[in-house]
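Trainee: I would like to learn how to read a structure that is new to me, one feature at a time. Could we begin with the charges?

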Amino acid sequence: MANILGNLSQALIIGLVLLAGMIGFNLSAGADGAAVVMGTLRTAHAWAGVLWIGLLYYFNFVQIPTMPSVPAELKPGVTKYIAPKALLFFRHSALLTVILGLGIAGHAGYLVPALTFGEGFRVIGIGMWLGLIMAFNVWFLIWPNQKIALGIVDGDADAKAKAGKTAMIFSRTNFILSFPMLYCMIVQGNGLGA
């Protein structure tokens with residue numbers, strides 16, 4: 001069992017096979033095919049969002065507060081190996097979350113009303129705009145500065161320190177915005193949006 005579950009790719013495949021099994025079960029039980037497709041897209045959107053926000057919380061609850069106490073000789077283990085990989089999944093899960101969310105809203109017919117705060121779509125609209133702002137921060141403020149701070153892009157010690165601080169500020173901004181964003185998504189999904 002450890003050989004199977006110790007391999008991330010194999011565990012991912014098992015999870016996707018179980019998901020496909022649940023989708024098939026739902027269809028065979030007579031569920032509306034269009035509803036199953038929309039539910040699957042919503043599941044993918046939620047999965048990508050959990051990965052994105054989970055990594056945001058990892059950075060803010062674990063990595064950022066812990067780095068000052070890591071001995072200098074051990075910091076490269078984080079900055080050269082862990083942080084770049086975490087940032088890869090972080091930024092791509094942000095992109096996937098936004099693409100799926102906009103696609104779902106477009107397909108369901110509430111994309112424009114939500115983005116323009118139309119009646120009945122204000123709460124989800126606020127959540128969508130917060131998500132878009134957060135994704136912008138990830139791709140255009142956090143990631144470019146992290147590349148400098150981590151030494152992926154050349155920069156002197158002052159540039160690295162400044163970039164690290166900028167990345168941290170926008171990571172904390174996203175951390176703060178994640179609370180109302182999640183609320184908006186959950187409330188609207190439960191029929192409580194205004």
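Mentor: This is a predicted model, and for charge one can look both at the counts and at where the two sets are centred. The chain has 11 positive and 6 negative side chains, and the centres of these two sets lie 1 Å apart.

Trainee: How many helices and strands does the chain have, and what pattern do they follow along the sequence?

Mentor: Here one reads the elements in order from the start of the chain. There are 7 helices and 0 strands, so the pattern along the sequence is written α-α-α-α-α-α-α. As for extent, the C-alpha trace spans about 60 × 50 × 25 Å along its principal axes.

Trainee: What share of the residues is buried, and what supplies the exposed area?

Mentor: A residue counts as buried when its relative accessible area is under 20%. By that cut-off, buried residues make up 29% of the 194 residues in the chain, while the chain exposes about 11,400 Å², of which carbon and sulfur atoms supply 73%.

Trainee: What part of the contacts joins residues 24 or more positions apart?

Mentor: Taking the contacts with a separation of 6 or more, residues 24 or more positions apart account for 68% of them. Pro84, found in helix 4, offers a case to look at: Pro84 and Ile152 are 68 residues apart in sequence, yet their C-alpha atoms are 8.7 Å apart in space. Not counting residues up to four places away in sequence, Pro84 touches Val78, Thr79, Leu150 and Ile152.

Trainee: Which helices supply the lining of the largest pocket, and which residues lie nearest its centre?

Mentor: With a pocket, one can ask first about its space and then about its lining. The largest pocket holds about 620 Å³ of space and is lined by 25 residues, of which His45, Thr97, Gly101, Ile124 and Met185 lie nearest its centre. Helix 3 (33–66), helix 4 (75–108), helix 6 (122–149) and helix 7 (157–189) each supply at least two lining residues, and the largest share, 7 residues, comes from helix 3.

Trainee: Is Thr97 buried or exposed, and which residues is Thr97 in contact with?

Mentor: Thr97, whose place is in helix 4, counts as buried because its relative accessibility is 8%, which is under the 20% cut-off. Leaving aside neighbours within four places in sequence, Thr97 is in contact with His45, Ala48, Gly49 and Trp52; of these, His45 is also among the residues nearest the centre of the largest pocket, as is Thr97 itself.

Note on methods. Residues are numbered from 1 along each chain as its sequence is written. This is a predicted model: local features need pLDDT of at least 70, side-chain atom pairs count only at pLDDT 80 or more; totals for chains, interfaces and linings use all residues. Side-chain values use heavy atoms; hydrogens and water are left out. Helices (H or I, at least four residues) and strands (E, at least two) are DSSP runs, numbered from the N terminus. Buried means under 20% relative accessible area, exposed over 50%, partly exposed in between (1.4 Å probe, protein chains only). Contact means heavy atoms within 4.5 Å. Accessible areas come from the Shrake-Rupley method with a 1.4 Å probe; for residues, only the protein chains shown count as cover. Lys and Arg count as positive and Asp and Glu as negative; His and the chain ends are not counted. The place of a charge is taken as NZ of Lys, CZ of Arg, CG of Asp or CD of Glu. On a 1 Å grid over the protein atoms alone, a cavity is a set of points where a 1.4 Å probe fits but cannot get out, and a pocket is an open set with protein on both sides within 12 Å along at least five of seven lines; lining residues have an atom within 4 Å of a point. Grid points are joined across faces, edges and corners, and a volume is the space filled by probe spheres set on the points.
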